[in-house]
Amino acid sequence: MSVLFEKVLPSATQSIRHDHEHIAALFHKFTPEVSPATCAALVRNLCTALEIHAQLEEELFYPALRAAGLEDPVLNRSIPDHDEVRRLASELRSLDEQDDELMPLLHELMRTVLHHVADEEAVLLPRAEQLLGSERLVELGAQMARRRAELAGPHAGEMAHDMARIAPAKTAVLTLGAMTAAVLLAQAWRHRRGHHHL
């Protein structure tokens, strides 16, 4: 594989760690000073990010770990953890941003997500790096980037609008630009690999 692609295209574990950082940053934006409109944008952005992240792991990352022979209680708990995150996200989406239940529900979601992230960071990501190797992880990262683009597509307008409200314009543009660049790199990498297999 080209060294350039290895350096630029995020591996599966790098992509997952980036998602964890993005989600943690969104949680930190919920402050008492946040306006109701920004709070609503944060909830939408957070829920969409969590749903896409969970689907990527369930469709691509966890099956790759199982195919590599990993059997671990953390892996077995991961999908039930995601189901609980989806349940809480669905409840959050149904609330008005000024509802008294919003902050307690958000704290419950935060606890659930942080526990799940801690398990992944301590167990699953290091094991993936041991079992799968760098080339497989980059290949998996490319698949995740393509799938992320498909999953995010229907939400692109809403996400761009919300990012403009949540983050300064420069940050929002950089975030959307990075997502676009990752998809383009994944497509180029797949095209390159296709030629190598001919």
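How much accessible surface does the chain have, and what share of it belongs to carbon and sulfur atoms? The accessible surface comes to about 10300 Å², and 57% of that belongs to carbon and sulfur atoms. Please keep in mind throughout that what I am showing is a predicted model.

Let me begin with the overall build. The chain has 7 helices and 0 strands, so that is the inventory I will be working from, with the pattern along the sequence reading α-α-α-α-α-α-α. Of the 198 residues in the chain, 42% are buried, and if we take the contacts with a separation of 6 or more, 79% of them are between residues 24 or more positions apart.

Turning to the interior, the largest nonpolar core has 23 residues, and L46, L92, L109 and V113 are those with the most contacts inside it. Helix 2 (12–28), helix 3 (36–67), helix 4 (73–94) and helix 5 (102–152) each supply at least two residues of this core, with helix 3 giving the largest share, 8 residues. If we take L46 and leave aside residues up to four places away in sequence, the residues that L46 touches are I23, L26, F27, F30, L106 and L109. Apart from this core lies another one, of 21 residues, which has A12, A128, L132 and L140 among its members.

Now to the helices themselves, where I would like to set two of them side by side. Helix 3 has 32 residues, which at 1.5 Å a residue should span 46 Å, and its end C-alpha atoms are 45 Å apart, so the two values agree. Helix 3 nevertheless bends by about 45° at E57, and it is followed by G69, whose phi is positive, near 95°. For helix 5, a straight helix of 51 residues would span 75 Å at 1.5 Å a residue, whereas the end C-alpha atoms of helix 5 are only 25 Å apart. Helix 5 also contains a kink of about 105°, centred on G133.

Finally, a word on L95, which sits in the loop between helix 4 and helix 5. Is L95 buried or partly exposed? Its relative accessibility is 22%, and because buried means under 20%, L95 counts as partly exposed. Not counting residues up to four places away in sequence, L95 touches E101, L102 and L105. L95 and V43 are 52 residues apart in sequence, while their C-alpha atoms are 9.7 Å apart in space.

How values were computed
Residues are numbered from 1 along each chain as its sequence is written. This is a predicted model: local features need pLDDT of at least 70, side-chain atom pairs count only at pLDDT 80 or more; totals for chains, interfaces and linings use all residues. Side-chain values use heavy atoms; hydrogens and water are left out. A nonpolar core is a set of buried Ala, Val, Leu, Ile, Met, Phe, Trp, Tyr and Cys residues joined through side-chain atoms within 4.5 Å. Buried means under 20% relative accessible area, exposed over 50%, partly exposed in between (1.4 Å probe, protein chains only). Helices (H or I, at least four residues) and strands (E, at least two) are DSSP runs, numbered from the N terminus. Contact means heavy atoms within 4.5 Å. Accessible areas come from the Shrake-Rupley method with a 1.4 Å probe; for residues, only the protein chains shown count as cover. The expected span of a helix is 1.5 Å times one less than its number of residues. The bend at a residue is the angle between axes fitted to the seven residues ending there and the seven starting there.
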